[in-house]
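Biologist: I'm new to this one. Could you show me how to read it, step by step?

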Amino acid sequence: MSQTRTTRLAVLAAGTTLLLAGCSSSSSGDNKPQPAQSPAAPSAATSPADAPGAYKAIAAVVTSSTNSAPVTAESDPNHLLGRPGQYTSKITFSDSRIKAADTDGLEPGDVALGGAIEAFATPADAQARAAYIQTVTKGMPALTEYDYVHGSIVVRLSRYLTPGQAGEYKAATDKLP
């Protein structure tokens with residue numbers, strides 16, 4: 001076998017090992033509710049091309065999701081849409097199971113009303129966004145949320161959803177292409 005082919009096989013084997021290690025998960029074994037979930041590893045499957053497509057697939061499963069609204073560069077409160085390394089599309093939505101009293105005073109489109117779906121150019125960008133959100137919100141209970149990464153899609157969910165309700169979104173997210 002040639003030196004070049006041997007080197008290529010070694011690199012491929014190392015990359016596969018890293019990919020498998022990154023996709024493994026562990027469980028703490030306790031049943032305590034966790035307001036903010038750790039981001040999942042990127043999926044090897046191809047994700048929907050945009051946030052509206054992902055939302056349509058998820059909302060078909062989680063029927064309490066309502067009032068979806070696409071975010072534009074002009075309406076994005078984070079000023080990230082279309083910026084380098086940031087989301088390429090975003091949609092926000094409400095969840096009818098969240099009590100209005102819990103969300104008094106929030107602006108339309110706030111993640112606490114239900115959630116948001118952000119689509120990125122690469123899975124690495126999506127993973128970086130989820131890690132950033134978790135870092136920023138870790139010490140602030142009022143800002144915690146559930147975040148799930150599937151390929152280049154980040155699904156962000158309100159802390160007002162129960163762990164079981166958020167799990168419905170996660171199951172739907174895991175079924176995205």
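Modeller: Let's go from the whole chain down to single residues. Keep in mind that this is a predicted model.

Biologist: How many helices and strands are there in the protein chain?

Modeller: The protein chain has 4 helices and 5 strands. Read from the N terminus, the order of the elements is α-α-β-β-β-α-β-β-α.

Biologist: And what share of the contacts links residues 24 or more positions apart?

Modeller: Counting contacts with a separation of 6 or more, 65% are between residues 24 or more positions apart.

Biologist: Now burial. What percentage of the residues is buried?

Modeller: Buried means under 20% relative accessible area. Of the 177 residues in the protein chain, 35% are buried. The chain's accessible surface is about 10,000 Å², and carbon and sulfur atoms contribute 58% of that.

Biologist: Let's try one residue. Is Gln 165 buried or exposed?

Modeller: Gln 165 counts as buried because its relative accessibility is 16%, and the cut-off is under 20%. You'll find Gln 165 in helix 4, which covers residues 163–174.

Biologist: Which residues does Gln 165 touch, leaving out those up to four places away in sequence?

Modeller: Those would be Arg 97 and Tyr 160.

Biologist: Back to the surface, then. Which residues make the nonpolar surface patch of about 370 Å²?

Modeller: Look for Tyr 132, Val 136, Met 140 and Leu 143, which make that patch together. To get your bearings, start at Tyr 132, which sits in helix 3 (residues 123–137).

Definitions and conventions
Residues numbered from 1 in each chain as written. Predicted model: local features only at pLDDT ≥ 70, side-chain atom pairs only at ≥ 80, totals over all residues. Heavy atoms only, no water. Helix = DSSP H or I, 4+ residues; strand = E, 2+ residues; numbered from the N terminus. Buried < 20%, exposed > 50% of the residue type's maximum accessible area, 1.4 Å probe, protein only. Contact = heavy atoms within 4.5 Å. Patch = residues over 30% accessible without salt bridge, like charges linked within 9 Å, V, L, I, M, F, W, Y side chains within 5 Å. Areas by Shrake-Rupley, 256 points an atom, 1.4 Å probe, with all protein chains shown as cover. Salt bridge = Lys/Arg side-chain N within 4 Å of Asp/Glu carboxyl O.
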